[in-house]
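These are my notes on the two-chain model you sent round. Please read them alongside the structure.

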Amino acid sequence: MVEDDLHDLISGCIQQDRKSQKLLYKALYGFCMGICLRYAGNRYEAAEIMNTGFFKALTNIGKYDTDKPFKAWIGRIMMNTSVDYYRSNLKAANTEDIENAEHIGHEATIHSKLNYDELLKLVQQLPEAYRAVFNLFAIDGYTHDEIGEMLGINPGTSKSNLHKARHKLQQMISQTETTIYQAPGQNRQAPMMVVRQIAITDILSNRNIRR
Amino acid sequence: MKTNTDDELNKMFREGLTNPVNHAEYREADWDDLEAMLDGRKKRRGLIFWLPLLGSVAAMLLLVLGYWMFKPTTTTNNTLVNHSGKHQPLTNTNKSDVLAAVPGAEDGKKNTTGSKGGGIQQKPISTKQKPLSVNGSSGLAFEKPYRESKSFLPLSKPVNNRHIAGHPIDTVAKYASIGDILSNPYSLPLDDDNDLKPAAIDQNTLNNALKTINSKYKTVVKKQTIGRPQFAFTVVAAPDITGVGSFSQSKIGGNFGLLFSAGIGKRFTVTTGAVYAKTPYSTSFADYHSVYKFKTDPQTVNADCRILDIPINVDYTVYNKSSNKISVGSGLSSYLMLKENYHYNYANAYTQGPTDYNISNQNKHFLGVLNLDVSYQRKLNSKFGIDVQPYMKVPLTGIGYSKLKLQTAGVAVGLSWNINSPHKP
C-alpha cells in the first residue's frame with residue numbers, strides 16, 4: 001500500500017472511523033508484527049505489544065505529522081512499545097556489567113545465509129535482555145548510550161548484553177554450520193532442514209500457521 | 001577480525017529482519033482484541049461525558065432530600081385545614097381560625113363586618129339563622145333538614161353569601177368527626193340558596209371537635225414519620241483478607257468508600273455506594289489462568305489489584321432497641337478492575353521468563369460477587385452512628401485477568417450520618 005492510500009485511511013482514523021482503523025491495521029499488520037516479533041519471545045507477546053502500539057497510534061493519530069512517512073512513525077511507536085514492554089515485564093533480566101562478562105575466545109564466521117524465519121527464531125531464542133539490546137543496536141541502529149537510557153540500564157551493561165547476544169547467536173549459527181559439515185554429501189538444503197527440525201514449531205507459530 | 005565478524009552478523013540480521021512485510025499472517029483475533037481496547041476507551045470517554053449530567057442529577061437528588069429533611073413537619077397536614085393556601089397554626093387557641101380557613105367560612109366572616117370576634121360560632125348573623133343543635137359526641141348537627149337543601153355545591157367557586165347551612169344530623173353523621181369535615185371542606189353539603197348564613201357552632205362542640213382533630217393529626221404525623229424512608233450516608237474503612245479458593249494464602253488489604261442507604265419500612269435497608277479496594281493476594285500458578293504460554297511455568301503468582309467495588313445490598317433488621325441495631329444482609333457487588341499487577345515467582349530464581357504483568361481498566365464484573373454481612377450499629381445521637389460490619393464476598397464469576405475465584409472477608413467500620421432523622425436532637 002502506497003503512502004497516499006495510507007493517508008486516506010489516516011484521515012478516516014482521525015475521524016475515529018472504525019472501518020478505516022481496521023483497514024489501516026490490516027495494511028500495516030505484517031510490518032508492525034515484524035518489528036514486535038523481533039523484540040518479543042513469541043507470537044503471543046508480539047501480538048500483545050503490537051496491539052498496545054496500535055492502540056497508542058490510533059488514539060494519538062492526531063499528533064502524526066503528515067509530512068513524514070507514516071510507516072516510520074508507527075514503526076517507532078512499535079519499537080518504543082516493545083521497549084516499554086521489556087522494561088515493565090522483564091526487570092529481572094540479566095544486567096551484568098561488561099567487566100563480568102565471560103571471555104569469548106572463538107568468533108564464528110558467518111558462512112550461511114539464513115532466511116527470515118530462521119533469523120527471527122534465532123533472535124527470539126536469545127534471553128530477553130540480550131534480545132532487546134541486540135535489536136536496538138544491530139538492527140535499529142541505536143548507540144549504547146541511547147540504549148542504556150531507553151532500557152534503564154547503564155551503557156556498559158548494554159555493551160555486555162550485546163556481546164553476549166552476538167556470542168549466543170554465533171553459537172547457534174555454528175551449530176547449524178557444524179550440522180552442515182557433518183553431512184558433506186548433502187546439498188545446500190541441508191542446513192535449512194536442520195534449522196527447521198530444531199525450531200519448526202516456533203517458526204510455524206510465528207507465521208500463524210499453527211495456532 | 002572480530003569487528004568484521006560482528007559487522008557481518010549485524011548486517012545479516014539487519015537485512016534479513018528489517019523488511020518482514022507479509023511474513024506474519026493477519027489474524028482476525030488480534031484485531032478483535034484491539035477493537036475491544038478501542039471500545040473500552042470509548043466507553044470510558046462516554047462515562048466522562050455523562051459525569052456532569054450525573055452530577056447534576058445527584059445534586060438535584062440531594063436538594064430534594066435536603067428539602068425533605070428541613071421541611072417543617074406541621075406542614076405535612078396543612079391540607080387538613082387550609083385549602084386557601086394560607087398556613088394556619090392548628091392550635092386550640094385559634095379554633096375560630098381553623099374554620100375561618102375554610103373559604104366559605106372566611107367569606108362568611110367577612111360578611112359579618114361589625115360583629116365582634118368574627119367567629120362563626122360566636123356570631124349567628126342572620127335573623128333567619130336557626131340555632132344549631134349539638135351532637136354532643138363528635139360532630140355538628142345542623143338544624144335545617146337535609147331535604148330542604150336543593151343541591152350540594154362546592155365552595156371552590158365564589159361563595160359570597162354562601163355558608164355552611166344547617167343540615168340534619170343523619171346527613172352530617174356520615175362524616176366521622178368535624179375533623180373529617182374540616183379536612184375536606186369542599187365537600188360540605190351546602191344550600192345553593194344565596195341567603196345562607198354561617199352556622200353558629202357551640203364552643204364545647206368545637207372544643208371536642210378540635211381535640212379529635214388534634215388527636216387525629218398527631219396520629220397522622222406519627223404514621224407519616226414512621227413510614228417515611230430514612231436516608232443515611234456512611235463513610236467506611238475496612239481491612240480485609242483475600243484469597244483464591246480459600247484463605248490459606250490470604251493477604252491483608254484495605255477498603256475505603258462512601259455508602260448511601262435508604263431505610264424501607266421498619267426492617268429493610270437498601271445500601272449502595274462506591275468502595276475503593278486495594279486487594280493483594282497470592283495464588284499457586286495452578287489456579288492462575290493465562291493466555292500467555294510460559295516457557296517455564298512460575299510456581300506462584302503475587303497479585304496486587306485496585307478495585308472499585310459498587311455494591312447493592314439489602315439488610316434486614318433483626319434487633320433494634322434503644323441505640324443498638326443488628327441486621328443481616330446480602331446483595332451483589334460489581335467489580336471494576338482499575339489496576340491488576342501480577343508478579344510471577346519461579347522455583348529457580350534464574351529462570352528466564354516474564355516477571356510481571358500489568359493491566360489497567362480491562363476487566364469489569366457486573367453483579368459478579370455475592371455479599372454477605374452482619375451489621376451492628378450503635379447510635380451516637382439521632383444523627384450519627386457507628387457501624388461495625390463483618391462481611392464476606394464470594395465470587396460468582398472469575399475475577400480479573402486470570403479469572404480467579406477471589407474471595408474476601410473483612411470487617412468494615414463506618415460512621416453513619418442520618419440525613420433525615422425522625423427525631424430532632
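1. Met172(A) is buried, at a relative accessible area of 12%; buried means under 20%, exposed over 50% and partly exposed in between, using a 1.4 Å probe and protein chains only. Helix H8 of chain A, residues 155-182, holds Met172(A). Helices here are DSSP runs of H or I with at least four residues, strands are runs of E with at least two, and both are numbered from the N terminus.

2. Which residues does Met172(A) touch once its neighbours within four places in sequence are left aside? They are Leu122(A), Gln125(A) and Leu126(A), where contact means heavy atoms within 4.5 Å. Leu122(A) lies 50 residues from Met172(A) along the chain, with 7.3 Å between the two C-alpha atoms.

3. On provenance: the model is predicted, local features need pLDDT of at least 70, side-chain atom pairs count only at pLDDT 80 or more, and totals for chains, interfaces and linings use all residues. Residues are numbered from 1 along each chain as its sequence is written, chains are lettered from A and ligands numbered from 1 in the order written, and side-chain values use heavy atoms, without hydrogens and water.

4. Chain A has 9 helices and 0 strands. Of its 211 residues, 55% are buried. Taking contacts in chain A with a separation of 6 or more, 71% are between residues 24 or more positions apart. Its accessible surface is about 9,700 Å², 50% of it from carbon and sulfur atoms; areas follow the Shrake-Rupley method with a 1.4 Å probe, and for residues only the protein chains shown count as cover.

5. Chain B contains 8 helices and 10 strands. It has 425 residues, of which 42% are buried. Among its contacts between residues at least 6 apart in sequence, 68% link residues at least 24 apart. About 22,700 Å² of chain B is exposed, with 60% supplied by carbon and sulfur atoms.

6. In chain B, strand E3 (residues 230-244) pairs antiparallel with strand E4 (residues 251-264) over 13 bridges; strands count as paired if DSSP finds at least two bridges between them. Phe231(B) has Ala262(B) in E4(B) as its bridge partner. The two strands, E3(B) and E4(B), make a hairpin with 6 residues between them, and Gly245(B) in the turn has a positive phi of about 80°.

7. E3(B) also pairs with strand E10 of chain B (residues 406-418), antiparallel over 11 bridges. Opposite Phe233(B) in E10(B) is Trp417(B).
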